[in-house]
Amino acid sequence: MKRIIAVLCIASLAVLGASAAFAAYPEKPIRVVNYVGPGGLMDVTSRKFVSIAKKFTDATFVVENREGAGGLVGMQAVLEQPADGYTVFAATTSNIAKVLTSKKDVDEFIWGFEWIAMLMKDPECLIAAKDSPLNTWEAVFKDAQEKNGAQIWTGPAAGGNDHLMAMKVWEKSGMKAKWIPYSTGPEAMMGLLSGQGAVYVGNGADIGGREGFTIVAIARKERSPKFPDAPTFTELGIQGLEDEAMWRGFAMKKGSPEEAMAWWEDLLKKVAADPEWREFLEKDGIDVVDYGRPEFTAQIKKDIEDATHYLEQYGLIK
């Protein structure tokens with residue numbers, strides 16, 4: 001009997017010790033490093049996240065901007081810090097393709113991180129000028145066949161997430177087109193309105209507050225509540241594009257304490273259920289998710305595989 005009591009006491013002390021360790025984090029301010037400038041999408045998202053997180057924690061967050069090289073500057077800044085859980089990288093899908101196209105070491109710049117909290121998915125869309133004759137998928141596809149590769153699609157960068165989405169559509173629909181990158185998304189959209197392209201690849205939020213655009217197709221399993229008139233690729237007979245999105249999330253340097261990563265996963269669940277957070281994202285047609293390490297890591301692996309395949313196929317990497 002004494003032995004049983006002793007074992008129970010040891011087990012209780014272990015649980016209390018684990019709880020104490022978990023409760024100890026965070027003991028100092030947490031830096032959230034953005035790779036975009038003030039007002040950029042990830043900057044706005046991360047600042048909104050930490051403002052809502054204050055409902056659930058007394059932790060202090062310091063959001064800072066480390067711009068440059070499509071996220072490589074910010075990633076490097078985080079990787080140079082100690083793996084103590086107090087420096088977090090605010091990441092998006094485009095960072096994965098940037099690492100690949102820049103020929104950086106994948107083991108260092110992608111798997112040098114623990115992917116701890118994926119916040120949302122912003123479904124990829126094909127967008128056309130509403131008054132253009134090419135304002136439906138059927139019209140776009142027919143015109144592409146007639147032009148035999150000369151049809152122009154636009155977006156904000158070469159080799160970025162939207163360009164990858166265009167490549168996927170071309171392959172899975174059996175069509176050809178030409179990608180013309182612009183320095184920014186709004187510039188590419190204005191080019192679309194002036195007849196400089198047939199399709200803009202982006203997200204539903206891109207047309208918010210802008211007149212003259214329509215969504216030709218959206219990458220969701222079902223139609224978006226925000227854009228109920230936009231058909232899914234599946235409805236259009238194109239398979240394998242039901243879950244293409246620009247995600248945003250947080251990553252920590254590999255080797256960070258388990259209690260820090262678990263703390264962030266727990267915080268994500270609380271924020272994801274918060275009505276203010278959901279309204280903030282869903283008003284733009286963005287899907288709220290609360291992926292922790294297993295799901296987020298699986299997404300990263302898929303992104304690397306997809307990006308490598310398409311970037312090699314179209315000659316952007318070897």
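These entries record what I looked up in a predicted model.

**Entry 1: helix H8**

I began with helix H8, which spans residues 185-193. I listed its buried residues and found Gly 185, Ala 188, Met 189, Gly 191 and Leu 192. I then viewed the helix down its axis: these buried residues fall within an arc of 155°, so they line one face of H8.

Next I asked what covers the buried residues of H8. The cover includes four strands: E4 (113-129), E5 (152-155), E7 (199-203) and E8 (213-218).

I also inspected both ends of the helix. At the start of H8, Thr 184 brings a side-chain oxygen to within 3.3 Å of the backbone nitrogen of Glu 187. Just after H8, I noted a positive phi of about 85° at Gly 195.

**Entry 2: nonpolar cores**

I turned to the largest nonpolar core, which holds 55 residues. Which of its members touch the most others? I recorded Ile 30, Phe 49, Phe 61, Trp 115, Phe 250, Trp 264 and Trp 277. Helix H9 (residues 258-272) supplies the largest share of this core, with eight residues.

I followed Trp 264 further. Setting aside residues up to four places away in sequence, Trp 264 touches Tyr 25, Ile 30, Val 32, Phe 49, Phe 61, Val 88, Ile 116, Phe 250 and Met 252.

I found a second, separate core of 32 residues; Leu 134, Met 167, Ala 219 and Leu 311 are among them.

**Entry 3: helices H7 and H11**

I looked up how helix H7 (residues 161-173) packs against helix H11 (residues 293-313). Their axes lie 10 Å apart and make an angle of about 75°. Angles of 65 to 115 degrees count as roughly perpendicular, and H7 and H11 are therefore roughly perpendicular to each other.

I then listed the residues that meet. From H7 I noted Leu 164, Met 167, Lys 168, Glu 171 and Lys 172. Their counterparts in H11 are Asp 306, Ala 307, His 309, Tyr 310, Leu 311 and Gln 313. Two residues of this list, Met 167 and Leu 311, I had already entered as members of the second core.

**Entry 4: Val 78**

I located Val 78 in helix H3 (residues 72-79). Is Val 78 buried or exposed? Its relative accessibility is 1%, so I entered Val 78 as buried.

Beyond residues up to four places away in sequence, Val 78 touches Val 33, Thr 87, Val 88, Phe 89, Phe 113 and Lys 253. I checked the pair with Val 33 separately: the two residues are 45 residues apart along the chain, and their C-alpha atoms are separated by 7.4 Å.

**Entry 5: Ser 94**

I found Ser 94 in helix H4 (residues 94-101). Its relative accessible area is 19%; the cut-off for buried is under 20%, so Ser 94 is buried.

Leaving aside neighbours within four places in sequence, I recorded contacts of Ser 94 with Tyr 35 and Met 246. The side chains of Ser 94 and Tyr 35 are also joined by a polar contact of 3.2 Å.

**Entry 6: Ala 144**

I closed with Ala 144, which is placed in helix H6 (residues 137-147). Ala 144 counts as buried, at 1% relative accessibility.

Apart from neighbours within four places in sequence, Ala 144 is in contact with Gly 149, Gln 151, Met 175 and Lys 176. I also looked up Lys 178: Ala 144 and Lys 178 are 34 residues apart in sequence, and their C-alpha atoms are 9.8 Å apart in space.

Key: Residues numbered from 1 in each chain as written. Predicted model: local features only at pLDDT ≥ 70, side-chain atom pairs only at ≥ 80, totals over all residues. Heavy atoms only, no water. Buried < 20%, exposed > 50% of the residue type's maximum accessible area, 1.4 Å probe, protein only. Helix = DSSP H or I, 4+ residues; strand = E, 2+ residues; numbered from the N terminus. Arc of directions from axis to C-beta. Contact = heavy atoms within 4.5 Å. Polar contact = N/O pair within 3.5 Å; in protein donor to acceptor, adjacent residues only side chain to side chain. Core = buried A, V, L, I, M, F, W, Y, C linked by side-chain atoms within 4.5 Å. Axes fitted to C-alpha atoms, helices over the stretch in contact; angles between N-to-C directions. Parallel < 35°, antiparallel > 145°, perpendicular 65-115°, else oblique.
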